[in-house]
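Please open the structure in your viewer and keep the selection tool at hand. The stops below are meant to be followed in order.

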Amino acid sequence: MRSNGTRRGKGAATRLQAAAIGVMAAAMAACSSVDCPVQNTVYTVYGLYKPDGERDTLSDTLTIATTRRDGTDSVLLNRSVNTTQFDLPISYTDAEDTLFFTISDTLMNTTIDTVYVTKENYPHFESVDCNISFFHYITAVRHTGHAIDSIAVNKQHVDYDASTEHFHLYLKARH
């Protein structure tokens with residue numbers, strides 16, 4: 001009889017361990033099911049247009065750089081050719097981004113324009129388990145006018161949605 005009592009005790013302990021493992025597995029699955037965005041980088045989308053409003057393709061080489069807070073340059077778009085549209089990251093918390101657009105033709109004639117994008121930044125939380133993201137509201141854009149004729153803000157709100165152009169960039173007529 002004594003051995004039966006021992007077996008029952010072990011059986012109850014085994015069932016209790018199995019239940020505890022099941023509860024822990026369910027808790028771990030619940031913690032890992034948070035839907036944090038895989039791609040949480042916020043980009044602005046620029047579309048190129050001719051002064052008459054038609055879509056434009058820049059056959060010249062386009063390079064876009066910015067200056068980091070530590071004063072070093074960072075290339076955001078490197079030597080793009082036949083460009084009609086491009087995406088650029090936007091700073092998380094700076095009130096204004098400064099972009100340097102360098103356009104070089106096949107004869108190595110180079111034109112540089114500076115674009116200033118002023119914006120309001122606000123934090124976006126998906127969950128306490130996810131990293132914080134920053135969304136933005138574009139308040140103004142200004143530029144030098146060497147190769148760029150004008151820039152129009154098409155969509156002021158910048159978030160994960162990169163399917164809409166935020167800026168329409170109108171280039172001056174080229175020869």
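Is N82 buried or exposed? N82 is exposed, because its relative accessible area is 52%, and exposure requires a value over 50%. Please bear in mind throughout that this is a predicted model.

**Stop 1: two positive phi angles**

Keep N82 selected; this residue belongs to the loop between β3 and β4. Its phi is near 55 degrees, a positive value in a residue other than glycine. Most residues other than glycine have a negative phi.

Next, select R79, which is part of strand β3, residues 73-80. Here too phi is positive in a residue other than glycine, near 55 degrees. R79 is exposed, with a relative accessible area of 62%.

**Stop 2: the nonpolar core**

Now turn to the largest nonpolar core, which comprises 24 residues. To display its best-connected members, select Y46, L62, I64, F86, L99, F101 and L169, the residues with the most contacts inside this core. The elements that contribute two or more residues to this core are β1, β2 (61-67), β4, β5, β6 (110-124), β7 (133-143), β8 (148-153) and β10 (167-171).

Centre the view on F86. Residues up to four places away in sequence being set aside, F86 touches T44, V45, Y46, L48, L62, I64, L77 and F101.

**Stop 3: T44**

From F86, move to T44, a residue of strand β1. T44 is buried, because its relative accessible area is 3%, and burial requires a value under 20%. Which residues is T44 in contact with, leaving aside its neighbours within four places in sequence? They are F86, D87, L88, I90, V158, H166 and F167.

**Stop 4: the cavity**

T44 also helps to line the largest cavity. Rolling a probe the size of a water molecule over the atoms shows where empty space is left. A search of the whole structure finds 1 cavity of 30 Å³ or more. The volume of the largest cavity is about 40 Å³.

To see its lining, select T44, Y46, L88, P89, I90, D97, L99 and V117. Two or more lining residues come from each of β1 (43-49), β4 (85-89) and β5 (96-104). By class, the lining consists of 6 nonpolar residues, 1 polar and 1 charged.

Finally, leave Y46 and L99 highlighted: both line the largest cavity, and both are among the residues with the most contacts inside the largest nonpolar core.

Note on methods
Residues are numbered from 1 along each chain as its sequence is written. This is a predicted model: local features need pLDDT of at least 70, side-chain atom pairs count only at pLDDT 80 or more; totals for chains, interfaces and linings use all residues. Side-chain values use heavy atoms; hydrogens and water are left out. On a 1 Å grid over the protein atoms alone, a cavity is a set of points where a 1.4 Å probe fits but cannot get out, and a pocket is an open set with protein on both sides within 12 Å along at least five of seven lines; lining residues have an atom within 4 Å of a point. Grid points are joined across faces, edges and corners, and a volume is the space filled by probe spheres set on the points. Helices (H or I, at least four residues) and strands (E, at least two) are DSSP runs, numbered from the N terminus. Ala, Val, Leu, Ile, Met, Phe, Trp, Tyr, Cys and Pro count as nonpolar, Asp, Glu, Lys and Arg as charged, and the others, Gly among them, as polar. A nonpolar core is a set of buried Ala, Val, Leu, Ile, Met, Phe, Trp, Tyr and Cys residues joined through side-chain atoms within 4.5 Å. Buried means under 20% relative accessible area, exposed over 50%, partly exposed in between (1.4 Å probe, protein chains only). Contact means heavy atoms within 4.5 Å.
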